[in-house]
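Got your viewer open? Load the model and let's take a walk through it, one selection at a time.

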Amino acid sequence: MKTSVILHGLHNEFSLEQMKACIELAEKYGGSFRHVVTGLQITGIEKEDKEQLISELPEGVTTVIHRGVNSLIACVGKGHCKNGQMETQELADYVERKHYGRKTSHKCKIGISGCGRNCPDAMVKDIAFIGTSHGFMLAVGGTTGIKPEAGKILARNLSVEQAKKAVDILVDWYAENGEPRERMGKLLVRLGNPLEGLEL
């Protein structure tokens with residue numbers, strides 16, 4: 001029986017060395033690559049080879065978890081893209097190191113875009129930061145799937161430091177209050193805005 005493995009790199013970025021090692025593994029186990037929302041997928045491998053392939057992944061590459069903070073996608077941001085309004089890498093590194101893999105009631109996807117062109121499709125993530133000329137806009141509760149919905153805008157003009165505080169509050173709130181299989185958007189409807197009245 002064929003199966004697949006979804007790979008995760010630091011905020012969904014893979015170095016050349018990591019990619020070369022993953023390509024060698026795909027060749028070794030007869031797989032091919034496919035890009036999916038949560039990361040890079042090696043598909044078409046034999047089920048009995050899956051655990052061995054995972055054990056041979058290069059340093060810094062892990063497998064995607066299916067419940068919890070399981071996806072962080074950030075564009076390159078200001079300084080690396082002519083359209084960038086905000087620098088994204090500092091915030092992405094912070095979120096990745098502090099929150100990736102945290103257990104929550106259901107999956108939690110985070111997107112960070114340096115401008116309104118929104119290349120990471122952040123507005124359909126549970127937590128979205130969109131760069132503007134005045135700071136980050138924050139939206140919460142986006143989702144794809146059967147009933148796609150854009151996130152609700154909760155804050156505007158956030159600095160990188162304010163965005164860090166906001167994501168800490170949101171992930172903690174979701175981990176503590178989410179019911180089984182409840183996405184963040186549903187929790188927002190049920191309990192209201194956890195940032196209301198707070199000074200970031």
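Start with the largest pocket, which holds about 470 Å³ of space. Keep in mind that you're looking at a predicted model. To find the spot, select Asn12, His35, Val36, Val37 and Ile73: of the 26 lining residues, these are the closest to the pocket's centre.

Next, switch to the cartoon view and colour four strands: β2 (32-36), β3 (39-46), β5 (68-74) and β6 (107-113). Each of them supplies at least two residues of the largest pocket's lining. Now try colouring the lining by residue class. You should count eleven nonpolar, nine polar and six charged residues.

Time to step back. Colour residues 2-63 one way and 68-191 another, and you have domain 1 and domain 2 of the protein chain. Where does the largest pocket lie relative to these two domains? Both domain 1 and domain 2 give residues to its lining, so the pocket lies between them.

While the two colours are on, have a look at how the domains meet. Their centres, taken over C-alpha atoms, are 25 Å apart. At the contact, ten residues of domain 1 touch 13 residues of domain 2.

On to the second largest pocket, with about 370 Å³ of space. Select Thr143, Lys147, Glu149, Arg183 and Lys186, which lie nearest its centre among the 16 residues of the lining. Colour by class again: this lining has four nonpolar, six polar and six charged residues. Which helix gives the most to this lining? That's α5 (residues 184-191), with four residues.

Leave α5 highlighted and add helix α4 (residues 160-177). The axes of α4 and α5 come within 11 Å and cross at roughly 80°. That crossing angle makes α4 roughly perpendicular to α5, so turn the view until you can see the crossing for yourself.

Last stop: show the side chains where these helices touch. From α4, pick Leu170, Trp173, Tyr174 and Asn177. Their partners in α5 are Met184, Leu187, Leu188, Arg190 and Leu191. What classes do the residues of this contact fall into? Seven are nonpolar, one is polar and one is charged.

If you'd like one more look before you close the viewer, bring back both pockets together: the largest, between domain 1 and domain 2, and the second largest, where α5 gives four lining residues.

Notes
Residues are numbered from 1 along each chain as its sequence is written. This is a predicted model: local features need pLDDT of at least 70, side-chain atom pairs count only at pLDDT 80 or more; totals for chains, interfaces and linings use all residues. Side-chain values use heavy atoms; hydrogens and water are left out. On a 1 Å grid over the protein atoms alone, a cavity is a set of points where a 1.4 Å probe fits but cannot get out, and a pocket is an open set with protein on both sides within 12 Å along at least five of seven lines; lining residues have an atom within 4 Å of a point. Grid points are joined across faces, edges and corners, and a volume is the space filled by probe spheres set on the points. Ala, Val, Leu, Ile, Met, Phe, Trp, Tyr, Cys and Pro count as nonpolar, Asp, Glu, Lys and Arg as charged, and the others, Gly among them, as polar. Domain bounds come from an automatic or database domain assignment. Axes are lines fitted to C-alpha atoms, for helices over the stretch in contact, and angles run from 0 to 180 degrees between N-to-C directions. Angles under 35 degrees count as roughly parallel, over 145 as roughly antiparallel, 65 to 115 as roughly perpendicular and the rest as oblique. Contact means heavy atoms within 4.5 Å.
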